[in-house]
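Q: Got a minute to go through a model with me? I'd like to start with the ligand and then wander a bit.

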Amino acid sequence: MSNYNWQSIREYREIKFEFFEGIAKITINRPHKRNAFTPLTVQEMSEAMEIARQDPAVGVVILTGEGPDAFCSGGDQSVRGHGGYVGEDAVPRLNVLDFQMQIRRIPKPVVAMVAGYAIGGGHVLHVVCDISIAADNARFGQTGPVVGSFDGGFGASYLARVVGQKKAREIWFLCDQYNAQEALDMGLVNKVVPLDKLEDETIAWCRKMLAKSPIALRMLKAAFNAELDGQAGIQQLAGDATLLYYLSEEAKEGKNAFLEKRKPDFSKFPKFP
Ligand code: S0N
């Protein structure tokens with residue numbers, strides 16, 4: 001039961017998508033399967049994340065799972081087929097990888113609110129979020145080498161950036177589970193709170209970020225990513241630089257001169273050292 005007046009943004013079959021005071025919340029709504037995702041779950045999360053990205057009223061996104069037992073237990077093994085997870089159109093997909101990219105690319109903080117299990121592909125989802133707040137009942141781990149899969153993308157390389165190479169290899173090679181305190185100790189989560197305080201704490205962190213300069217947060221997220229994402233990361237950071245340049249009188253002079261069919265006059269703009 002939430003203490004907050006969440007308003008539904010759009011109805012979905014396998015997720016909930018809600019809004020409250022500048023925060024969009026995406027909730028995987030398959031508690032009977034420990035919030036394992038199907039291709040449809042991921043498709044719905046992708047659409048919701050894109051809506052959250054495009055809506056200027058949204059400053060922060062929370063990703064979570066329904067109920068106290070699981071954040072997400074990864075891909076739904078009962079629909080795993082020949083080459084991916086199979087939806088109603090009978091096409092095998094690994095579309096969660098595209099969703100991971102969306103979490104990294106959205107220029108707003110994404111907070112994983114983790115109660116219960118964050119396992120397999122569900123663990124990777126919290127890893128790629130900017131911030132993870134965990135309940136004291138949270139359990140973390142990878143299962144790929146047990147169930148016949150692996151995530152060699154962000155699930156391996158970014159995990160290693162977060163917890164270090166040795167620990168990341170341990171997590172994948174042994175497939176052990178780690179409790180919330182162990183996760184905090186290895187830098188895998190930002191904060192651990194009692195389960196009944198999880199939403200309050202997450203909202204408090206969101207409010208702190210919402211009170212900050214949105215462009216500063218945007219530039220910082222792009223900068224953190226750019227170091228790891230190579231040319232794609234630089235492209236995002238450079239796009240943000242272009243956004244800022246478009247806000248300047250100097251850039252507007254170029255556009256105005258073109259539209260007014262005159263030569264641009266940049267002489268009044270400073271040549272910073
Ligand atoms: C989460 C666990 C530890 C919870 O244990 P607990 O509390 O004892 O509950 P259970 O009784 O086990 O589960 C309750 C019901 O939920 C079903 N269920 C749970 N998880 C899944 C799941 N992932 N898929 C389908 N069903 C699930 C149970 O079957 C049970 O149902 P009933 O009551 O009907 O029997 C425990 O449940 C657990 O270990 N779950 C499996 C975790 C797991 O191995 N997940 C998959 C890991 N792999 C991925 O996520 C791959 C992700 C991916 O898409 C990918 C990405 C990049 C590259 C490759 C891949 C790739 O797929 O290969």
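The chat below goes through the ligand site, one helix, one sheet and a few single residues.

Q: What kind of model is this, and what are the ground rules?
A: It's a predicted model: local features need pLDDT of at least 70, side-chain atom pairs count only at pLDDT 80 or more, and totals for chains, interfaces and linings use all residues. Residues are numbered from 1 along each chain as its sequence is written, and side-chain values use heavy atoms, with hydrogens and water left out.

Q: OK, the ligand. Which residues come nearest?
A: There are 24 residues around the ligand, and S73, G75, Q77, G121 and T143 come nearest. A residue is near a molecule or strand here if one of its heavy atoms lies within 4 Å of it.

Q: How far is the polar side-chain atom of T143 from an oxygen atom of the ligand?
A: That distance is 2.7 Å. For Y85, a polar side-chain atom sits 2.9 Å from a ligand oxygen, and for R34 an N or O atom of the side chain is 3.0 Å from one. A polar contact is a pair of N or O atoms within 3.5 Å; within protein, one must be able to donate a hydrogen and the other to accept it, and residues adjacent in sequence count only if both atoms are side-chain atoms.

Q: And how much of the ligand does the protein bury?
A: The protein buries 65% of the 1100 Å² that the ligand exposes when taken alone. Those areas come from the Shrake-Rupley method with a 1.4 Å probe; for residues, only the protein chains shown count as cover.

Q: Which elements give two or more residues to the shell around the ligand?
A: Those are α2 and β9. Helices (H or I, at least four residues) and strands (E, at least two) are DSSP runs, numbered from the N terminus.

Q: Back to T143. Where is it, and what does UniProt say?
A: T143 is in the loop between β11 (139–141) and α4 (144–147). The unreviewed UniProt entry places a "binding site" feature at Q142, T143 and G144. UniProt positions are given in the numbering used here, feature names are shortened, and annotations may be inferred rather than shown by experiment.

Q: T143 and G144, buried or exposed?
A: T143 counts as partly exposed because its relative accessibility is 25%, while G144 is buried at 4%. Buried means under 20% relative accessible area, exposed over 50%, partly exposed in between (1.4 Å probe, protein chains only).

Q: What do they touch?
A: Not counting residues up to four places away in sequence, T143 touches I119, G120 and C175. On the same basis, G144 touches S149, F150, W172 and C175. Contact means heavy atoms within 4.5 Å.

Q: Switching to helix α2. Which residues are buried there?
A: In α2 (residues 96–105), V96, F99, Q100, Q102, I103 and R104 are buried. Their cover includes α1 (39–54), β4 (60–65), β8 (110–114), α3 (121–128), α5 (154–163) and α9 (214–246).

Q: Why does R104 count as buried?
A: Because its relative accessibility is 3%. R104 touches V128, F154, Y158, K221, N225, L228, D229 and Q236, leaving out residues up to four places away in sequence.

Q: You mentioned β9. What sheet is β9 in?
A: An open sheet of four strands, in the order β5-β9-β11-β12, with mixed pairing. The edge strands are β5 (70–72) and β12 (178–179), each pairing on one side only. Two strands pair if DSSP finds at least two bridges between them.

Q: How do β5 and β9 run, and what is the bridge partner of C72?
A: β5 and β9 (residues 117–119) run parallel, joined by two bridges. The partner of C72 is A118 in β9.

Q: What about N179 in that edge strand?
A: N179 is in β12 and is partly exposed, with a relative accessible area of 30%. The N179 side chain reaches the backbone nitrogen of E182 at 2.8 Å. Beyond residues up to four places away in sequence, N179 touches A138, R139 and F140.

Q: Last one: what's the phi of R34 and of N35?
A: R34 has a positive phi near 55°, and N35 has one of about 60°; neither residue is a glycine. R34 is in the loop between β3 (23–28) and α1, and N35 is found in the loop between β3 and α1 too. R34 is partly exposed at 39%, whereas N35 is buried at 0%.
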